[in-house]
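Reader: Hello! Could you take me on a close look at the place where the two chains meet, and at what holds the helices there?

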Amino acid sequence: MLDNFFLNGIIIAETVLLFLSTNSKRKIISLLTLSSVCILSLFLLINYFDKSLFTTTETESIKIEERRIYLNKELKRIYGNKIGIFYFDRLRPFFNKLSSNLFSILDLTQVFLQYPLVLTLLAILGIILFILDIKTIPLIYFLIVICTGSFIVPKQNILLMLPLINFFILQGFIESLRMAKKKFLKV
Amino acid sequence: MNKLNQIIILIPIFILAFYLRFYNLGSIPAGLHADAVSQAYNAFSLLETEKDRYGQTLPILFRAYGYYQPPLYTYLTIFPIALFGNSQFSAHFISALSGSLLVVVTYLFILALFRENQARFALAVISATTLAIAPWAVFFSRLAIEANLALLLFAVSILCFLYSLRKIQVLPFAALILGISTHAYYSERLIAVIFLPLFLFFFRKNFLLSKKWVILALLIFAATQIPHLMILKSGAFAQRFNQVSDLDNNSGTYLQIINISKTILNNYFIYYSPKNLFFDSDSNLGRTMPGLSVFYNWFIVPFFVGIWYLLRSNKVSLLKKKSNEFAKVIGLLLIITPLPASLTGDFFYPLRTLDFLWVLTLVISVGMLQIYLFLRFKLVKITILSSLLSYSFFSLYISYFILFKYEKAEDYGYPYMKLIDKLSTYQNKKIIVDLSRDPGVGVRIAYLKNFPPKNLQDQLRSQLETPYYSGSPNMDKIYEIDNIEIKPLSFADSCKDNVIMVGDNLSISPQQAEEHALKAEFEIHDFSGKVALIGYSTQPEKKCQTTF
């Protein structure tokens, strides 16, 4: 209950801070924005750290064992040495899981499902505007989210992206209002 | 750069593409997919009798297992079958050739698109190389995929459309190729119809002065659509769309329209999801190989840079000279190419969106060039480039040429291909092979045994329950190929003498084998060594004694 209250509060606060950081030159706003994402990341890392990154399930073990046979047969010495075994049996599965987490943060379709159609369209407009004119603070925010989110279990790490999506929606909304106003005034 | 130098640069890239697509094509993938074998046998049948396996003369669409296959791939497969005979290599040949030629077309496409840019040669080389090694391009080129042929035709037509901006006389030819591409794959039907008017509209300034060429091009395109119109009301024309689409036909209310729009929009964005494009390695026919997605995961960086360039191409960029044609053409293609796939109910199905993946490859290549130009020191450039290329080749080799071969052999009917060799030692027995696990078993055996098409036509024509071009074609057919009968397994046959029943562990479990007094004769192992099929000989004297 308390956790949910904290999460909701910090997501709303971050959305506001992100918006303010792009419209204000005051360093304190930028500092607060980046501090708050660090706090949220830390909270999620403590509570939802993806332990499966360093362990293997029974299904994964079976798969590794099967692949060990295939690779041994085909690669022979390239696989059958300490480095080869370490790479294929340990390092590769770890990086696969890590990149799975990383890419799940970038999978915006998951987030869009939770928003109404209009807001999805506004978010897309906001993303395009952001790409056209990249702002430093949201970019740093995004990089922090990617780095820390890779170590948080999928479905929870998406929480880190919500303030950014809200920010894009807001940017998209403002831009569409501006466009509508321009058109209306012309008429 | 003069033409000779261009050819000298292009040759090694083409050889690389050709090698990755044709290397061991006769054995990897290990087997022949049901769809591939349907096309291959129909091509064999056309070669011998000018009719498909159901006895239909020169079909507009080919009836397969409960659906219809677009015709062009099958017609073109007649050539490799005539040259190389009934083999796995022949069935996959057209797709592999299309994938190789696409690399050359891509090179020319970039040159045409960036015609006034100094970096265009570098970009063309990067694009051709990226396409040559891209996992999706290698994977789908090595399967008998109509979409791969359709992509080549579509790319050629887009290239001709670009040429037509300089030389209007090319426009009718571009429209002709675009029209033909609609007979290669279903997605092209929608893409072509949307692309043609939009392209003409975007570049209307170029075309307004040459209206007669535009009218001629439109007439040619319309003429290529006549075969579609001929079967428009038969049910076969839209049958595949009705099968794969998840759109509710009864929808009408405002809320339903909103829900459908959201579903389509969500399905549409699934194709832009970095997770699906650069990571998700869930492998099946419609997706890609084990451990790799449609692109290498490091492609994500040039992808974002390429998108950034695309959106800013009318502003300042590292490529210096702006390219409005690039923004218009690539932007248009990026928007329309995922549309057909997003109208279907399947979650991320790259097979249906090869055109989109091709366009993304171009965007990624633009990103790569920008990063390359951004890096200052030559040593850094060479180190990064060689490391990434080595990593890519290594990943591709492990995923496709090793893991895919072992882990997916069963999906491509490999055990049934081994079964044909095994059954040659049982010529004096009646063999019954279970059909329920894989609809392609009968056609696969007929194809690899060079079973005379006339005989198969006689068998299959009589089993058609609906007209050839029907909205609901029936699936189950019984095949009799020499001493082999392929049908859904029935234990009533265990009472017959001198019979061998073949199926997997689900068709005939050990308990059922015991219950019906079946004696294990042989086992067929798949590539990974697991038992895939078991042959049991019947013992009617024991079974019938127990039963009666």
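Author: Happy to. Contact here means heavy atoms within 4.5 Å, and helices are DSSP runs of H or I with at least four residues, numbered from the N terminus. This is a predicted model, in which local features need pLDDT of at least 70, side-chain atom pairs count only at pLDDT 80 or more, and totals for chains, interfaces and linings use all residues. Residues are numbered from 1 along each chain as its sequence is written, chains are lettered from A and ligands numbered from 1 in the order in which they are written, and side-chain values use heavy atoms, with hydrogens and water left out.

Let's begin with one helix from each chain. On one side, A:Leu117, A:Thr120, A:Leu121 and A:Ile124 of α6(A) touch B:Ile258, B:Ser261, B:Lys262, B:Leu265 and B:Phe269 of α14(B). Sorted by class, this contact has six nonpolar, two polar and one charged residues (Ala, Val, Leu, Ile, Met, Phe, Trp, Tyr, Cys and Pro count as nonpolar, Asp, Glu, Lys and Arg as charged, and the others, Gly among them, as polar). Helix α6 spans residues 117-132 of chain A and helix α14 residues 254-270 of chain B; they pack at an angle of about 35°, and their axes are 10 Å apart. Those axes are lines fitted to C-alpha atoms, for helices over the stretch in contact, and the angles run from 0 to 180 degrees between N-to-C directions. The two helices make a left-handed crossing, a term used if the near helix is turned anticlockwise from the far one by less than a right angle, with clockwise giving right-handed.

Now step back to the whole interface. Here 31 residues of chain A contact 30 residues of chain B. About 2,900 Å² is buried between the chains, and carbon and sulfur atoms give 69% of that area; buried area is the accessible area (1.4 Å probe) that two parts lose on being put together, summed over both.

Charges take part too. Side chains of opposite charge can pair when their charged atoms come close. A salt bridge is counted when a side-chain nitrogen of Lys or Arg is within 4 Å of a carboxyl oxygen of Asp or Glu. Between chain A and chain B there are three salt bridges, and the structure holds 17 over all chains. In one salt bridge, A:Arg67 pairs with B:Glu407, with 2.7 Å between the closest N and O atoms.
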